Amino acid sequence: MNGIFITPAYAALFALFFVALSIRTIVMRRRYGVALGHGDQALVERATRAHANFAEYVPFTLLLVAFLESLLSTSVVTHALCIGLLVGRIVHAYGVSQPNENYRFRVTGMLLTFTVLLAAALLILWQYVSALSS
């Protein structure tokens, strides 16, 4: 795929997932009559946190992956990082959303997210240092 960037396609998938999480939060708030916050409703709080956690991690991580893609121009690394982030976010959102949470889902989701975040950051720094020393 010469000249076509990969990260924007994944960003579009993440946008769809973000809208789904947003709608789920709105539905829960309406169901329980909560205008702001979680109103001491556990399911509203879980929906809100799944949505907010996504908003906290995905944009910055995708930005790093996009930077890395522009530096490395390798589709394998970009796909691996984006798929890892996507799976991590799905697993995390599923885990957090469950009334009787199995923490393995949340932990697995965060480990995948942190792995992608750290890998992208470290690879960018490695590229930077390599360019300086050349």
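Two exercises on a predicted model follow, one on salt bridges and one on a surface patch.

Residues are numbered from 1 along each chain as its sequence is written. Local features need pLDDT of at least 70, side-chain atom pairs count only at pLDDT 80 or more, totals for chains, interfaces and linings use all residues, and side-chain values use heavy atoms, without hydrogens and water.

**Exercise 1.** Find the salt bridges and state which residues they join into one network.

Step 1. Apply the criterion: a side-chain nitrogen of Lys or Arg within 4 Å of a carboxyl oxygen of Asp or Glu. The structure holds three such pairs.

Step 2. Take R46 and E101. Their closest N and O atoms are 2.8 Å apart. R46 sits in helix α2 (residues 42–72) and E101 in the loop between α3 (75–97) and α4, so the pair ties together parts 55 residues apart in sequence. Helices here are DSSP runs (H or I, at least four residues), numbered from the N terminus.

Step 3. Take E101 and R106. The closest N and O atoms are again 2.8 Å apart. Shared partners thus put R46, E101 and R106 in one network.

Step 4. Check burial (buried: under 20% relative accessible area; exposed: over 50%; partly exposed: in between; 1.4 Å probe, protein chains only). R46 is buried at 19%. E101 is buried at 12%. R106 is partly exposed at 31%.

Step 5. Add E56 and R49, a salt bridge at 3.3 Å, N to O.

**Exercise 2.** Locate L118 and classify its accessibility.

Step 1. L118 lies in helix α4 (residues 103–133).

Step 2. Its relative accessible area is 52%, so L118 is exposed.

How values were computed:
Helix = DSSP H or I, 4+ residues; strand = E, 2+ residues; numbered from the N terminus.
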